[in-house]
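Reader: I've got a model open and want to talk through how its helices pack and where there's empty space. Can you walk me through it?

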Amino acid sequence: MSRERGKEVVEGSSAETPSRYESQKRRDWNTFGQYLGNQKPPVSISQCTSSHVHGFLGYLDQFGKTKVHVQGCIFYGEPEPPAPCACPLKQAWGSLDALIGRLRAAYEENGGSPETNPFASDSIRLHLRQVKEVQGKARGIPYKKKKKKTTTPSQSKKDEDDSSSGI
């Protein structure tokens, strides 16, 4: 088999096997569609809002595998606790972040407008940031925000000169 831009192509056939990412994106999109269809009353994709996305993320937590210690737990803030505890299992922040990225792309690929994309809303971005912070604190993992470098034209010229001279 040969590879072409991340997709496997079956020799002697024009059929393409979707990449792992494309398969996950389709599966996530179908799961979200089922979630909306199971709402009372059912919700269509065109009626979907960020509150439906929040509900979906909450629903997914029941299938999580990441232990997130509550503040009263004796293991709160410990990355590797020595014993089990009764704290809940939740979806890991990284999994949720990747899921939202796939659903954001799927929404637009399925005819949704970027301006109305509920997966790209400010409230979803804020939710993901809060999950990241809470899980980091609960597990003792410091997530530090990267500072953006601000350079002036004279600084960038100096940096170029330094790097070319081996300094």
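Reader: What is the handedness of the crossing of H2 and H4?

Author: Bear in mind that this is a predicted model. The pair in play is helix H2 (residues 50–61) and helix H4 (residues 122–139), whose axes come within 9 Å. Their crossing is right-handed.

Reader: Are H2 and H4 roughly parallel or roughly antiparallel to each other?

Author: The axes of H2 and H4 cross at roughly 25 degrees. Angles under 35 degrees count as roughly parallel. So H2 and H4 are roughly parallel.

Reader: Which residues in H4 does H2 meet?

Author: On the H2 side, look at Ser 50, Val 53, His 54 and Leu 57. By class, the contact has three nonpolar, four polar and no charged residues. Over in H4, the partners are Ser 123, Ile 124 and His 127.

Reader: OK, on to the empty space. Which helix supplies the largest share of the lining of the second largest pocket?

Author: H1 (20–37), H2 and H3 (93–109) each supply at least two residues of that lining. Among the lining residues are Arg 27, Phe 56, Ser 95 and Arg 102. The largest share is five residues, and it comes from H3.

Reader: How many residues of the lining of the second largest pocket are charged?

Author: Arg 27, Asp 28 and Arg 102 are in the lining of this pocket, and about 240 Å³ of space lies in it. The lining also has five nonpolar and three polar residues. The charged count is three.

Methods
Residues numbered from 1 in each chain as written. Predicted model: local features only at pLDDT ≥ 70, side-chain atom pairs only at ≥ 80, totals over all residues. Heavy atoms only, no water. Axes fitted to C-alpha atoms, helices over the stretch in contact; angles between N-to-C directions. Helix = DSSP H or I, 4+ residues; strand = E, 2+ residues; numbered from the N terminus. Parallel < 35°, antiparallel > 145°, perpendicular 65-115°, else oblique. Left-handed = near helix turned anticlockwise from the far one by under 90°. Contact = heavy atoms within 4.5 Å. Nonpolar A, V, L, I, M, F, W, Y, C, P; charged D, E, K, R; others polar. 1 Å grid on protein atoms, 1.4 Å probe; cavity = no way out; pocket = protein on both sides within 12 Å on 5 of 7 lines; lining within 4 Å. Points joined across faces, edges and corners; volume = space filled by probe spheres on them.
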